[in-house]
Amino acid sequence: KMKQGKWVVRVEDLRGEPGYEEEGEFVDDKKEGVWRRYNLSGDLLAIENYRWGYRDGKQMYFTMLGDLLREESWKAVNPENPYDTIDVPDLNNPMVTVSKIIKHDAAEVRHGTWKTYDPATGFILKTENFIYGQKDAGFGSAPGQAKTDEAGSAPKPKQKPKTVEEWEKKNSGK
């Protein structure tokens, strides 16, 4: 009585949330492998990867026009063995790494690089890096993003060229 094999799951509109369809494969009633999500009009909204029923690896989310909106990276934890071994720098000698056994509190954790894109231009707006669910503080947030000064305020953003401002003004709302 468990779902097995290829499936198409349809979720109708509910309480203002748009409906969608998903297609992928179930193994012992859990999502496994690549799953694709479409809106009810048939536009691709997401490509997600699953392992043991949890998100694992690279996930991609799209706008209704098919432009890449966001990339996420997840790590699934085997529910039968919630422990993992990771290498961490030794506190006494940062050039040496030590293997540590950790217990995961969740079945899936953010792990890897997350990118947010501007759907209009395709440029990366924001980049974050996670290591087993913890945000990597030493990782830059966005290419060219200004760092805050000692007072905690960010410097003023650079002025756009006049031709770019004119083009944006002329093409806004299209």
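Phenylalanine 26 is buried in this predicted model, with a relative accessible area of 7%. Let me begin with the ring partners of this residue. Phenylalanine 26 and tryptophan 35 form an edge-to-face aromatic pair, with 5.0 Å from centre to centre and 80° between the planes. Both phenylalanine 26 and tryptophan 35 are buried.

The search of the whole structure returns four aromatic pairs. Another of them joins tryptophan 7 to phenylalanine 26, again edge-to-face, at 5.7 Å centre to centre and with 85° between the planes. Where do these two residues lie, and what does the pair tie together? Tryptophan 7 belongs to strand 1, residues 5-11, and phenylalanine 26 to strand 2, so the contact ties together parts that are 19 residues apart in sequence. Tryptophan 7 is partly exposed, at 34% relative accessible area, whereas phenylalanine 26 is buried. Taken together, Trp7, Phe26 and Trp35 are linked by ring pairs into a cluster.

I turn next to charges placed over rings. Lysine 31 lies over the face of tryptophan 35, at 4.9 Å from the ring centre. Elsewhere in the sequence, arginine 55 lies over the face of tryptophan 74, and here the distance to the ring centre is 3.9 Å.

Lysine 31 also leads us to the salt bridges. Side chains of opposite charge can pair when their charged atoms come close. How many salt bridges does a search of the whole structure find? The search finds ten. Within this set, Glu22, Lys31, Arg37 and Glu48 are linked in a network.

Consider arginine 37 in that network. One salt bridge of arginine 37 is with glutamate 22, where the closest N and O atoms are 3.5 Å apart. Arginine 37 sits in strand 3, residues 30-39, and glutamate 22 in strand 2, residues 20-27, so this pair ties together parts that are 15 residues apart in sequence. Is arginine 37 buried or partly exposed? Arginine 37 counts as partly exposed, because its relative accessibility is 21% and the cut-off for buried is under 20%. Glutamate 22, by contrast, counts as buried at 6%.

Arginine 37 also forms a salt bridge with glutamate 48, and the closest N and O atoms there are 3.1 Å apart. Glutamate 48 lies in strand 4, residues 44-51, and arginine 37 in strand 3, so the pair ties together parts that are eleven residues apart in sequence. Glutamate 48 is buried, with a relative accessible area of 4%.

Finally, I would draw your attention to the salt bridge in which the side chains of glutamate 71 and lysine 58 meet, at 3.6 Å from N to O. Glutamate 71 is in strand 7, residues 68-76, and lysine 58 is in strand 6, residues 57-62, so the parts tied together by this pair are 13 residues apart in sequence. Which partner is buried, glutamate 71 or lysine 58? Glutamate 71 is buried at 12% relative accessible area, while lysine 58 counts as partly exposed at 45% relative accessibility.

To close, two groups deserve a second look on the screen: the ring cluster of Trp7, Phe26 and Trp35, and the salt-bridge network of Glu22, Lys31, Arg37 and Glu48. Lysine 31, a member of that network, lies over the face of tryptophan 35, a member of the ring cluster.

Key. Residues numbered from 1 in each chain as written. Predicted model: local features only at pLDDT ≥ 70, side-chain atom pairs only at ≥ 80, totals over all residues. Heavy atoms only, no water. Salt bridge = Lys/Arg side-chain N within 4 Å of Asp/Glu carboxyl O. Helix = DSSP H or I, 4+ residues; strand = E, 2+ residues; numbered from the N terminus. Buried < 20%, exposed > 50% of the residue type's maximum accessible area, 1.4 Å probe, protein only. Phe/Tyr/Trp six-rings, centres within 6.5 Å; stacked < 30°, edge-to-face > 60°. Lys NZ or Arg CZ within 6 Å of the ring centre and 35° of its normal.
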